[in-house]
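User: Could you take a close look at the metal site for me? I'd like to know what holds the ion and how the site sits in the chain.

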Amino acid sequence: MKKTILSAFGVVAFAACAISQTTGNWCGSDHIIQKQIEADPNFQSVLHTSMMNAAQSRTEEGGARATLVVPVVFHIIHDNGTGNVSDAQIQDALDELNIDYNRWNPDTTSTRNTAQAPFSPQAGGMDIEFKLAKIDPSGQCTNGILRINAPSLTYDAGEDCKQTNLGGSDQWAKNKYFNIWIVNSINNNGGAGITLGYAYLPYGGGGGDGYGILMRHDWLGTIGTAAGGDGATLTHEMGHSLGLSHIFNAPWGSSDGCHTNDCSSNGDYCCDTPPQEVPNFSCNSTWNSCSSVPSGDTYGFDTYDQIENYMSYNSCQNMFSGDQVNIMEFNFTNISFLASIVSGGNTVATGVNLPDVLCKAQFSGNQLSICAGETVTFSDESYNTVNGWTWTFTGGTPSTSTDQNPTIQYNAQGVYEVTLTATDGSNNDTETKTAYIRVLPEPSILPFIESFESYSTLNGIDEWEVYNPGGNGYDIYTGTGYTGNQCAKLTNFGQSAGNSDELISSPIDLTGITSEVTLSFRYAYHKRYESNDEWLKVFISDDCGGAWAQRKTIHGTQLSALFQNSSWTPSAQWDWTTIHMINVTSAFWTDKFRVKFEFESDGGNNFFLDDINIYTGPPSETIVVGLNEADFQLEAVSVYPNPTDNELNVRFTVPNAVKTDILVQDVTGKIIQTSSIVAGAGSNWIMMNTSEMASGMYFLKVQVGDAHKTVQFVVK
Ligand SMILES: [Zn+2]
């Protein structure tokens with residue numbers, strides 16, 4: 001496959017995003033560079049000039065300079081799962097990085113020096129050391145590792161991770177620290193492959209506040225969640241950050257990776273990395289994708305591909321070339337923020353050469369909201385060296401511990417404080433977290449009926465928990481509601497895109513259910529702009545919130561097609577949509593059931609919730625009053641997807657709240673499923689579980705009194 005030409009005169013030399021349509025493990029750097037070029041047409045010539053200058057500088061290697069010391073900060077964006085990698089894994093990754101950059105790697109002997117692959121004499125290393133920062137930007141001690149619990153950012157991750165105001169973590173000044181963000185997975189821009197990491201080149205400002213590496217935890221280093229790996233992904237991405245391109249890049253103005261253009265002003269700007277036509281993942285030592293020889297080529301004949309190169313995609317990487325080292329050395333002198341990072345003054349300012357002493361006691365718990373009788377495991381995160389721990393747990397059993405990572409049981413509802421005093425033998429520090437562990441009340445019994453009429457706020461109440469990482473959270477709104485005069489409102493108008501807010505119930509006892517349960521709720525929402533794509537996700541848990549299963553996702557125009565540029569509030573029952581979920585399957589019928597409403601903002605408008613009801617199967621007249629079958633007019637009934645496999649969405653509209661029967665019949669007319677719900681005035685939406693139905697055609701009948709409508713659907 002040849003690389004894609006992106007525009008008539010702005011031809012991109014980097015492997016274009018289109019390539020990532022293929023499966024495989026990919027680097028996302030070319031995509032981010034392409035976006036920079038699209039945003040600023042001048043950027044391409046800045047890149048070209050910068051890379052050519054670096055490549056042609058011919059810096060003398062091995063000069064009498066001191067070791068370059070690079071202070072590093074890691075931002076671990078996690079969801080309290082395995083992606084919250086250990087300090088040991090992070091240090092291991094830095095150790096591997098130092099080994100690769102200094103060419104201390106044990107597999108240097110694998111760098112070929114054969115007639116058609118005479119690469120070993122051209123391989124180079126730098127005198128450089130990457131070290132965790134010990135003083136943070138405000139002058140306080142640090143271990144160079146920030147841990148940010150951001151479940152909505154760590155999957156399918158991108159630049160949002162790098163913004164504190166979106167729940168992520170801001171870059172520490174790039175002229176003092178090298179920033180590395182670690183996530184669970186990375187947005188692959190619609191491709192079929194997996195993106196392992198990406199980084200900005202340092203040229204033209206280096207992507208500003210985005211400069212640094214973003215990569216997956218399971219490719220970080222060689223231990224922990226990356227056990228069995230070789231750590232080379234970080235080495236590769238660091239190569240980009242320090243100014244290197246992929247060795248398979250085509251020259252500017254060309255789509256041909258097998259070029260003959262001058263190698264010091266084209267392709268990857270290196271003359272000792274032979275042209276490679278396209279990325280290649282294997283480790284075939286006779287691979288030779290190009291027969292071309294660029295002018296100025298170090299070897300002067302058609303060599304094999306340099307599959308050893310860290311800037312390839314091949315799986316047997318073990319070398320940088322001398323030209324690549326030269327470019328990186330040049331940039332540490334000539335790009336001002338990189339020169340600043342390795343300056344002697346910055347070594348002092350970031351504390352990287354200070355001895356390790358205990359300077360901070362720090363800890364976290366694996367779950368902060370639990371049911372009575374459950375346990376929390378606490379992790380010591382103190383730094384920079386620690387050999388003793390004294391814990392106290394108000395309300396916990398046991399109430400004290402000297403273990404490093406104790407597991408504590410909590411038996412009574414309440415909100416509790418935790419204290420850790422850590423020591424290294426001569427220095428002590430204490431951290432206290434007040435109101436840290438929340439032990440939830442006894443479970444509610446069915447029917448669970450919530451119309452938000454009985455509270456003045458959602459903050460600090462037992463019944464609902466508000467997760468609000470930034471901006472505005474859910475709270476009580478007085479003045480309107482579907483039922484009564486109050487509802488829950490997320491003041492999303494004016495909130496930043498990317499913000500994610502949650503409203504989570506206390507435990508509810510579903511153990512008495514024998515056949516069916518319905519979870520219903522109503523929402524009211526308008527977009528702010530027609531282009532808004534905001535998401536409502538409904539999750540359920542059978543273990544008090546330890547694990548969540550996503551049960552419904554509604555977004556964009558599905559959520560609402562209506563928009564209003566000013567702050568919106570519902571004014572009539574007609575503004576509300578009622579959702580009936582009958583896909584709370586039997587695995588969730590425990591006494592630790594919880595439901596969570598997550599809303600992901602796209603800078604749109606306000607979102608309202610009301611009448612969150614959970615009740616056993618039919619009938620449901622006791623749940624809602626004001627039935628009026630006389631006024632009934634059934635509007636269109638739609639079902640989708642059709643054909644379906646696991647779940648069928650049923651939508652219909654009624655003018656008033658009304659008891660509604662929903663029947664599923666097979667082609668012989670036999671009734672195989674019935675549900676009875678109270679439909680709300682306005683649009684109603686029912687999610688039916690069809691996973692256990694046999695393949696074939698069915699009829700779905702929506703019936704009120706004598707009126708009914710029937711539609712056909714097919715189960716695959
Ligand atoms: Zn790359």
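Analyst: In sequence, the donor residues of the zinc ion follow the spacing C-x208-H-x3-H-x5-H. The atoms doing the coordinating are SG of Cys27 and NE2 of His236, His240 and His246, at 1.9 to 2.2 Å. Donors here are N, O and S atoms within 2.8 Å of the metal (3.2 Å for Na, K and Ca), and water is not among the atoms, so sites may look incomplete. The angles that the four donor atoms subtend run from 99 to 120 degrees, which makes the arrangement tetrahedral; for four donors, that label needs all angles between 85 and 135 degrees.

Keep in mind that this is a predicted model, where local features need pLDDT of at least 70, side-chain atom pairs count only at pLDDT 80 or more, and totals for chains, interfaces and linings use all residues. Residues are numbered from 1 along each chain as its sequence is written, and side-chain values use heavy atoms, with hydrogens and water left out.

Back at the zinc, Cys27 and His246 link distant parts of the chain, 219 residues apart. Cys27 belongs to strand β1 (residues 25-27), whereas His246 is in the loop between α4 (232-241) and β11 (320-321). Helices (H or I, at least four residues) and strands (E, at least two) are DSSP runs, numbered from the N terminus. Both Cys27 and His246 are buried, meaning under 20% relative accessible area with a 1.4 Å probe, protein chains only.

Definitions and conventions. Four donors count as tetrahedral if all angles lie between 85 and 135 degrees; four count as square planar and six as octahedral if opposite donors are over 155 degrees apart and all others between 65 and 115; anything else is irregular. Buried means under 20% relative accessible area, exposed over 50%, partly exposed in between (1.4 Å probe, protein chains only).
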